[in-house]
Each structure stands twice: as C-alpha cells, then as structure tokens.
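Subject: Structure for your review

Dear colleague,

Please find the structure below, together with its sequence. My notes on its aromatic rings follow.

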Amino acid sequence: MLHGLPPVLSDTTRLLVLGSFPGRASLETQRYYGHPQNHFWKILAAIWQQPLTDMPYAQRIDTLHTHGLGLWDVYATCEREGSLDSAIRNAQPNDVSGLRARCPQLQAIAHNGGESFRHARHTQALGLPVYRLPSTSPANASWSFERKLAAWRDVLQRHAVGG
C-alpha cells in the first residue's frame with residue numbers, strides 16, 4: 001500500500017489543486033510533481049513569471065502560499081505499479097469535507113486531470129466552483145504545453161492566484 005503526501009494548505013489558500021496520487025518520483029522525493037517532465041511547476045513559473053523550477057522545493061511551497069494556491073490529491077492511499085493513474089487499485093480517498101474550515105479563504109477546487117476529476121462530486125459538495133484542468137503529467141501528450149498553460153492560466157486568474 002502506498003501513502004500519499006500531506007496537503008500543502010494555509011489559511012490564505014484560495015484555490016486548491018487536487019491531483020490523483022503522487023507518481024513514483026514524487027513519492028521517492030516526498031515532493032509534489034517531482035517528475036522532471038511534469039509540466040506543473042513549469043506552468044506556474046510561466047504564469048507567475050518566477051523561476052520555480054530553479055528554486056529549492058521549500059521555496060516553491062512558500063511561493064504557492066504567497067499566491068494562495070494549495071496542493072493535495074484525491075487519494076490518500078492506493079496500490080499501484082508505476083506511476084500511471086490507470087494502474088491505481090484499491091484507492092482510499094482523502095477526506096475533503098473539512099477543507100473550508102482548514103482554508104477559510106478557499107474559493108475553488110481545480111482537478112489536475114481526469115482521474116482526479118472523477119471525484120468532483122465530493123468537491124462539489126463543498127459548494128465551491130470546481131474545474132477540470134488538463135493533466136500536467138507527461139502521460140498527457142495530447143495537450144501541448146501552450147494549450148495546458150492557457151487552460152491553467154484562465155482558472156488561476158479567475159481566483160486571483162494567476163500572478
């Protein structure tokens with residue numbers, strides 16, 4: 001059984017990005033979006049015009065807090081060989097019901113990819129806008145970086161975390 005990463009939240013979190021479950025590289029390093037080919041940090045770097053990919057991880061997290069962006073995953077634990085969402089088995093979801101109490105400024109939830117978005121009914125129960133964003137995973141090769149960037153920029157700017 002694999003165990004996910006703790007949430008990256010603060011009392012200033014306005015938008016929460018929910019992935020599905022950390023990939024192998026992220027679990028090994030205990031860092032969100034740890035695979036070097038994942039576009040997550042590159043997309044934020046472009047939106048915020050900051051060199052996130054060159055920063056130490058702790059500084060990246062501080063930057064997320066500064067911009068009001070939080071991170072977590074829909075699954076707390078699962079079984080999986082490799083890193084593909086399609087290989088996830090016996091997953092146990094994280095409890096998102098208390099998010100509004102933990103993040104009093106929370107305005108919206110953005111699901112990073114289709115597997116995460118399968119749990120939108122749970123996040124919609126919070127009474128906030130819920131978005132499906134294109135996965136930043138390197139497995140999502142059908143979307144170009146520029147197309148992903150445009151979709152992500154739109155949602156982040158709607159909730160004042162777009163730089």
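Which arginine lies over the face of tryptophan 72, and at what distance from the ring centre? The residue is arginine 102, at 5.9 Å from the centre of that ring. Please bear in mind that this is a predicted model.

A charge is also placed over tryptophan 41: the charged end of arginine 60 sits over this ring, 5.1 Å from its centre.

Turning to contacts between rings, the structure holds 5 aromatic pairs. One of them joins phenylalanine 40 and tryptophan 41; because their planes stand at 85 degrees, with the ring centres 4.9 Å apart, the pair is edge-to-face, the cut-off for that class being over 60 degrees. Both partners are buried: phenylalanine 40 has a relative accessible area of 1%, and tryptophan 41 has a relative accessibility of 3%.

Tryptophan 41 also pairs with tyrosine 57. Here the ring centres are 6.2 Å apart and the planes are at 85 degrees, so this pair is edge-to-face as well. The contact links distant parts of the chain, since tryptophan 41 belongs to helix 2 (residues 40–48) and tyrosine 57 to helix 3 (residues 57–67), with their positions 16 residues apart in the numbering. Tyrosine 57 has a relative accessibility of 16% and therefore counts as buried, as the limit is under 20%.

Finally, ring pairs link Tyr32, Tyr33, Phe40, Trp41, Tyr57 and Trp152 into a cluster.

With kind regards

Terms used:
Residues numbered from 1 in each chain as written. Predicted model: local features only at pLDDT ≥ 70, side-chain atom pairs only at ≥ 80, totals over all residues. Heavy atoms only, no water. Phe/Tyr/Trp six-rings, centres within 6.5 Å; stacked < 30°, edge-to-face > 60°. Buried < 20%, exposed > 50% of the residue type's maximum accessible area, 1.4 Å probe, protein only. Helix = DSSP H or I, 4+ residues; strand = E, 2+ residues; numbered from the N terminus. Lys NZ or Arg CZ within 6 Å of the ring centre and 35° of its normal.
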